[in-house]
Amino acid sequence: MIIEEEATLDTLHYASRSAAREFDEAWAEAETFRLRMLEKRDKLVAAHSAFVEANNAAFMSYQQG
């Protein structure tokens with residue numbers, strides 16, 4: 001009976017460690033994805049800002065004739 005309980009505890013401990021490792025891997029993957037999306041957002045914001053500046057400059061030039 002004690003051997004079975006120890007085996008069960010070992011199995012549960014292994015399963016718990018395995019689940020924790022999988023969670024850590026999934027978390028790291030999600031964090032990597034989040035950082036990539038932030039980089040893409042920053043690039044889009046910069047591109048949009050450049051577009052707005054160019055558009056404003058073109059409009060000012062058009063207004064001045």
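**Helix, salt bridges and a nonpolar patch**

Y62 is placed in helix α1. The model described here is predicted. Y62 is exposed, because its relative accessibility of 67% is over the 50% cut-off. Together with F59 and M60, Y62 makes a nonpolar surface patch. The area of this patch is about 380 Å².

The fold itself is quickly described. The protein has one helix. The number of strands is zero. Helix α1 covers residues 2–64, and the protein has 65 residues. Buried residues account for 2% of them. The accessible surface of the protein amounts to about 6,300 Å². Carbon and sulfur atoms contribute 62% of that surface.

Charged side chains were examined next. Two salt bridges are present in the structure. One of them joins E31 to R34. The closest N and O atoms of this pair lie 2.8 Å apart. Both E31 and R34 belong to helix α1. Three residues separate their positions, which is about one turn of the helix. E31 has a relative accessible area of 30% and is partly exposed. R34 is also partly exposed, with a relative accessibility of 41%. Both values fall between the cut-offs of 20% and 50%, so neither E31 nor R34 counts as buried or as exposed.

A salt bridge also links the side chains of R41 and D42. Here the N to O distance is 3.0 Å. D42 shows a relative accessible area of 42%, which makes D42 partly exposed. R41 reaches 46% and is likewise partly exposed. Because 46% is under the 50% cut-off, R41 does not count as exposed.

The picture that results has three parts. A single helix, α1, spans residues 2–64, and strands are absent from the protein. Two salt bridges are formed, one between E31 and R34 and one between D42 and R41. The nonpolar patch of F59, M60 and Y62 lies on the surface, and Y62 within this group is exposed at 67% relative accessibility.

Terms used: Residues are numbered from 1 along each chain as its sequence is written. This is a predicted model: local features need pLDDT of at least 70, side-chain atom pairs count only at pLDDT 80 or more; totals for chains, interfaces and linings use all residues. Side-chain values use heavy atoms; hydrogens and water are left out. Helices (H or I, at least four residues) and strands (E, at least two) are DSSP runs, numbered from the N terminus. Buried means under 20% relative accessible area, exposed over 50%, partly exposed in between (1.4 Å probe, protein chains only). Accessible areas come from the Shrake-Rupley method with a 1.4 Å probe; for residues, only the protein chains shown count as cover. A salt bridge is a side-chain nitrogen of Lys or Arg within 4 Å of a carboxyl oxygen of Asp or Glu. Patches are made of residues with over 30% relative accessible area and no salt bridge: like charges are joined within 9 Å, nonpolar side chains (Val, Leu, Ile, Met, Phe, Trp, Tyr) within 5 Å.
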